Amino acid sequence: MLQSRFFWKLYFTFAGLVLLTTAGTGFLVHQQSQASLHRDLELKLLNLAHALSPFAEDIYLKGPSPEQGDDSPSGYRWPKEVQELVVKIAQDTDTRITFVAPNGEIVADSHSDPYTMENHSNRPEIVAALTSPHGVSRRFSKTVRHDMLYVALVLRENADILGTVRVAI
């Protein structure tokens, strides 16, 4: 029976089907687990942005203070404690946190000096957050030189935009 051509044809046909089925199932499981991971990360980042929003609202409502000889583009400087706290929270949560003023100027960033960063008003996640409950973007970050998942939450008081909390991983 092991020398029969029919047996070997049947054997290789079934072996091929099993191999294709296993590969297809593996591919689908991989795709589903990746999608699930991205949804979980997005939810984690959104929850962190919501948790930071009361603190950020307070900062935005107080506003920056004018300082002479300041290196900020607007001539105003946000409190140094904001930057320090954003760095600490980002280290504790293993994320990147950025507070963005309504004009796109960086208030604080956990991974870079906010006064050396370019305007963020045109970032896809921030633009999306202006018309949706929140904005999401996956892209390469020039600042940290990695692919990042960003979630942005625009904070409003009535119809006025106070600023944006952006969290990334």
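User: Before we start, what do the exposure words mean here, and where does phenylalanine 55 fall?

Analyst: Buried means under 20% relative accessible area, exposed means over 50%, and partly exposed is in between (1.4 Å probe, protein chains only). Phenylalanine 55 has a relative accessible area of 25%, so it's partly exposed. Bear in mind that this is a predicted model: local features need pLDDT of at least 70, side-chain atom pairs count only at pLDDT 80 or more, and totals for chains, interfaces and linings use all residues. Residues are numbered from 1 along each chain as its sequence is written, and side-chain values use heavy atoms, with hydrogens and water left out.

User: What makes phenylalanine 99 buried?

Analyst: Its relative accessible area is 0%, so phenylalanine 99 counts as buried.

User: How many aromatic pairs turn up in the whole structure?

Analyst: Seven. Rings of Phe, Tyr and Trp (its six-membered ring) pair if their centres lie within 6.5 Å; planes under 30 degrees apart are stacked, over 60 edge-to-face, and the rest tilted.

User: Why is the pair of phenylalanine 55 and phenylalanine 99 called tilted?

Analyst: The centres are 5.8 Å apart and the planes make 50°, so the rings pair and land in the tilted class. Phenylalanine 55 sits in helix α1 (residues 5–62) and phenylalanine 99 in strand β3 (residues 96–100), so the pair ties together parts 44 residues apart in sequence. Helices (H or I, at least four residues) and strands (E, at least two) are DSSP runs, numbered from the N terminus.

User: What makes arginine 139 sit over tyrosine 150?

Analyst: Arginine 139 lies over the ring's face, 4.2 Å from the ring centre. The rule wants NZ of Lys or CZ of Arg within 6 Å of the ring centre and within 35 degrees of the ring normal.
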